[in-house]
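Here is a short briefing to read alongside the model. Have the viewer open, and let's walk through a few helices and residues together.

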Amino acid sequence: MTQAVVEQNSLDLEFANEQKNEEGFLHLAGILEGLLFLTGDEGITLSQAMDTLGTGKEYTEKMFSHLMQLYSCDERGIEVARFGETYKFLSKTYVHESAKKLFQLSKESKLSQAALETLAIIAYKQPVTRVEIEEIRGVSSDVMIRKLESRGLIKEDGRSDAPGRPFLYSVTDEFMDSFSLASLDELPELPQFKTEDESDDLFN
C-alpha cells in the first residue's frame with residue numbers, strides 16, 4: 001500500500017469520525033431541546049441536563065449554545081433564554097401582542113375537558129406541582145397550566161422543596177367566583193381520575 005493510499009484512508013477515517021461525532025452531538029442536542037419543551041416555565045438547569053444526558057459541563061454548555069443560536073433568528077417565534085444556571089424556552093417580544101389576543105379569545109371560550117381535569121386536580125390537591133398533576137393525568141399538562149393561568153383560574157403559589165424547586169399551583173379567587181364557591185370545602189367528593197367520564201360533571 002502506497003503512502004498516498006495510507007494518507008487517504010486516514011483522512012477518510014478522520015472524516016467519518018467527525019461526521020459520527022457531529023451526528024451524536026445533534027442527536028443529544030435534539031433530546032435537550034425536547035427536555036426544554038417539557039420543562040416549560042420551570043426550565044432545566046445545567047446540572048440537571050448533565051445528569052440526564054450523562055454529558056460533561058463543557059459539552060452540555062456547547063449544546064445549549066447551539067440551541068440558543070438555532071432559535072436566535074427572526075423567523076423563530078421562541079428563543080432559549082438563560083437565567084443563571086437555568087435554561088428555558090420563552091416567546092419572543094414580537095409574539096406578545098398576538099398572545100394577548102389569543103388569551104382574550106380563550107377567556108371567551110369554554111374550558112376543554114383536559115383543562116377542566118387539570119383544574120380539578122389543582123383545586124383538590126393544591127398546592128401542587130406540574131409533575132404531580134401529570135402523574136395523576138398521565139399526560140403532559142404544561143399547555144393546560146398555561147391556559148388556566150392566562151384565564152386567571154390558577155396561580156403560582158411558591159415553590160416545592162423537591163429537587164429543582166418546581167413551582168406550586170393553586171386556584172385563584174376568580175376560580176372561586178367562577179364556580180360560585182365560598183370555600184374549597186364546597187367541592188364535591190373527590191372522584192377517581194381514571195376515565196374521562198368520571199370527571200365530566202365535576203364542575204357542572
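Let's start with a pair of helices: H5 passes H6 in a right-handed crossing. Please keep in mind that this is a predicted model. Overall, the protein has 9 helices and 6 strands, and buried residues make up 33% of its 204 residues. Of the contacts with a separation of 6 or more, 48% are between residues 24 or more positions apart.

**H5 and its partner H6**

- H5 covers residues 113-125, and its 13 residues reach 18 Å from the first C-alpha to the last, close to the 18 Å expected at 1.5 Å a residue.
- An unbroken run of buried residues can be followed along H5: Ala115, Leu116, Glu117, Thr118, Leu119, Ala120, Ile121, Ile122 and Ala123.
- The axes of H5 and H6 (residues 130-137) come within 10 Å and cross at roughly 120°.
- That angle makes H5 oblique to H6.
- On the H5 side, the residues that meet H6 are Ala114, Glu117, Thr118, Ile121, Ile122 and Lys125, and their counterparts in H6 are Ile133, Ile136 and Arg137.
- Glu117, Thr118, Ile121 and Ile122 take part in this contact and are also among the buried residues of H5.

**H3 and its partner H2**

- H3 takes in residues 57-70, and these 14 residues reach 20 Å from the first C-alpha to the last, close to the 20 Å expected at 1.5 Å a residue.
- Which residues of H3 are buried? They are Thr60, Met63, Phe64 and Leu67.
- Seen down the axis of H3, these buried residues fall within an arc of 95°, so they line one face of the helix.
- As a reminder, an α-helix has 3.6 residues a turn, so residues three or four places apart point the same way.
- Glu58, Lys62 and Gln69 are exposed on the other side of H3.
- The axes of H3 and H2 (residues 46-53) come within 10 Å and cross at roughly 110°.
- H2 and H3 are therefore roughly perpendicular to each other.
- H2 brings Leu46, Ala49, Met50 and Leu53 to this contact, while H3 brings Lys57, Thr60, Glu61, Met63 and Phe64.
- Thr60, Met63 and Phe64 thus appear in the contact with H2 and in the list of buried residues of H3.

**Charged residues that are buried**

- Asp142 is found in H7 (residues 142-150).
- Is Asp142 buried or exposed? Asp142 is buried, since its relative accessible area is 9%, under the 20% cut-off.
- Leaving aside residues up to four places away in sequence, Asp142 touches Phe37, Gly40, Asp41, Arg130 and Glu134.
- Lys88 is found in strand E3 (residues 86-91).
- Lys88 is buried too, with a relative accessible area of 17%.
- Leaving aside residues up to four places away in sequence, Lys88 touches Leu36, Gly40, Asp41, Glu42, Gly43, Glu79, Val80, Ala81 and Phe83.
- Gly40 and Asp41 are contacts of Asp142 and of Lys88.

**Ile78 in strand E2**

- Ile78 belongs to strand E2 (residues 78-83).
- Ile78 counts as partly exposed because its relative accessibility is 33%, in between the cut-offs of 20% and 50%.
- Ile78 and Leu90 are 12 residues apart along the chain, and their C-alpha atoms are separated by 5.5 Å.
- Leaving aside residues up to four places away in sequence, Ile78 touches Tyr71, Phe89, Leu90, Ser91 and Lys92.

Terms used
Residues numbered from 1 in each chain as written. Predicted model: local features only at pLDDT ≥ 70, side-chain atom pairs only at ≥ 80, totals over all residues. Heavy atoms only, no water. Helix = DSSP H or I, 4+ residues; strand = E, 2+ residues; numbered from the N terminus. Expected span 1.5 Å × (residues − 1). Buried < 20%, exposed > 50% of the residue type's maximum accessible area, 1.4 Å probe, protein only. Arc of directions from axis to C-beta. Axes fitted to C-alpha atoms, helices over the stretch in contact; angles between N-to-C directions. Parallel < 35°, antiparallel > 145°, perpendicular 65-115°, else oblique. Left-handed = near helix turned anticlockwise from the far one by under 90°. Contact = heavy atoms within 4.5 Å.
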